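I opened a fresh page for this one and kept my notes short. Come along if you like a slow look at side chains.

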Amino acid sequence: MTETKVFNLPNTLKKRSSKPGGRSFDELAKAGDHVVRRNGASYPSVAAGDIADLMAIAARLRQGSPLAVELQECFRIAHDIRGQAGSFDFPLISAAAGSLSKFVDKLRNSPPDQAPEVISLIEVHAATMQLLLSQNRKGAGGPAEAMILDGLTKAVEKVQGTLGIS
């Protein structure tokens, strides 16, 4: 039988965070907002580079690169875009990247040998993000953007059905 031990470690963070003379929550929040605004100004160029990397993955796949290898990198990039875009007020790009990362995550552990549909889906997601970025689409968007995201969802569902995954 395996013995289980419970370790109760001291909470030193509480002791350090309650010292007098530190910054208030409002001061910390204001400083954090400043960092987000500063980094947000450069985010479009960062996102453009990440989107170009997704397109490069699709190109390598079209040239015969192993799907298993490229899907790992595709997931990492899409997952990063998803988080960063949401942080910098690009929720539409975040949603498109989230769609791609969720789809790729389902394939990473057991990718098909060949799947041109997967390559096309990566390209469509990257092209969608590129379009939204080039038009500086911040915020939730309107009916046209909702249709674009709905189209991505339907494309993912179709490819998943073709590959027999849910």
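These are my entries, in the order in which I looked things up.

**Entry 1: the model**

I am working from a predicted model, and I keep that in mind throughout.

**Entry 2: salt bridges**

I began with charged pairs. Side chains of opposite charge can pair when their charged atoms come close. My search of the whole structure turned up seven salt bridges, and I picked out a few to look at.

The pair I looked up to start with was Arg 60 and Glu 70, whose closest N and O atoms are 2.9 Å apart. This salt bridge links distant parts of the chain: Arg 60 belongs to helix H2 (residues 25-62) and Glu 70 to helix H3 (residues 67-87), with their positions ten residues apart in the numbering. Are the two partners buried or exposed? Arg 60 is partly exposed, at 35% relative accessible area. Glu 70 has 6% relative accessibility, so I put it down as buried because the cut-off is under 20%.

Next came Glu 145 and Arg 137, which meet in a salt bridge at 1.8 Å, N to O. I wrote down Glu 145 as buried, at 7%, and Arg 137 as partly exposed, at 30%. While on the topic, I also noted a network: salt bridges with shared partners join Glu 73, Arg 76 and Asp 80.

I then took a look at one link in that network. Arg 76 and Asp 80 form a salt bridge at 3.1 Å, N to O. Both residues sit in helix H3, four residues apart, which is about one turn of the helix. Arg 76 comes out at 40% relative accessibility and is partly exposed; Asp 80, at 29%, is partly exposed as well.

**Entry 3: aromatic rings**

How many aromatic pairs does the structure hold? I found two. In one of them, Tyr 43 and Phe 90 are tilted, with 5.7 Å from centre to centre and 45° between the planes. That pair also links distant parts of the chain, since Tyr 43 is in helix H2 and Phe 90 is in the loop between H3 and helix H4 (91-108), 47 residues apart. Tyr 43 is buried at 1% relative accessible area, and Phe 90 is buried at 0%. Ring pairs bring Tyr 43, Phe 88 and Phe 90 together as a cluster.

One more ring caught my eye: Phe 75 has Arg 108 over its face, at 3.8 Å from the ring centre.

**Entry 4: the nonpolar core**

In soluble globular proteins, nonpolar side chains tend to be buried together. I looked for such a set here and found that the largest nonpolar core has 37 residues. Leu 54, Ile 81 and Met 129 have the most contacts inside this core. H2, H3, H4, helix H5 (116-134) and helix H6 (143-163) each supply at least two of the core's residues.

Which residues does Ile 81 contact, leaving aside its neighbours within four places in sequence? I listed Tyr 43, Asp 50, Ile 51, Leu 54, Gly 86, Ile 93, Ala 97 and Met 129. Tyr 43 is thus on this list and in the ring cluster above.

**Entry 5: His 125**

I stopped at His 125, which lies in helix H5. His 125 is buried, with 0% relative accessible area. What does its side chain make a polar contact with? The partner is the side chain of Ser 99, at 2.8 Å. Not counting residues up to four places away in sequence, His 125 touches Ala 96, Ser 99, Leu 100, Leu 152 and Val 156.

**Entry 6: Ser 110 and Gln 160**

My final two stops were Ser 110 and Gln 160. Ser 110 is in the loop between H4 and H5 and is exposed, at 54% relative accessible area. The C-alpha atoms of Ser 110 and Ala 68 are separated by 7.9 Å, with the two residues 42 apart along the chain.

Gln 160 is in helix H6. Its relative accessible area is 10%, and I logged it as buried. Beyond the residues up to four places away in sequence, Gln 160 touches Phe 103, Lys 106, Ile 165 and Ser 166.

Key:
Residues numbered from 1 in each chain as written. Predicted model: local features only at pLDDT ≥ 70, side-chain atom pairs only at ≥ 80, totals over all residues. Heavy atoms only, no water. Salt bridge = Lys/Arg side-chain N within 4 Å of Asp/Glu carboxyl O. Buried < 20%, exposed > 50% of the residue type's maximum accessible area, 1.4 Å probe, protein only. Phe/Tyr/Trp six-rings, centres within 6.5 Å; stacked < 30°, edge-to-face > 60°. Lys NZ or Arg CZ within 6 Å of the ring centre and 35° of its normal. Core = buried A, V, L, I, M, F, W, Y, C linked by side-chain atoms within 4.5 Å. Contact = heavy atoms within 4.5 Å. Polar contact = N/O pair within 3.5 Å; in protein donor to acceptor, adjacent residues only side chain to side chain.
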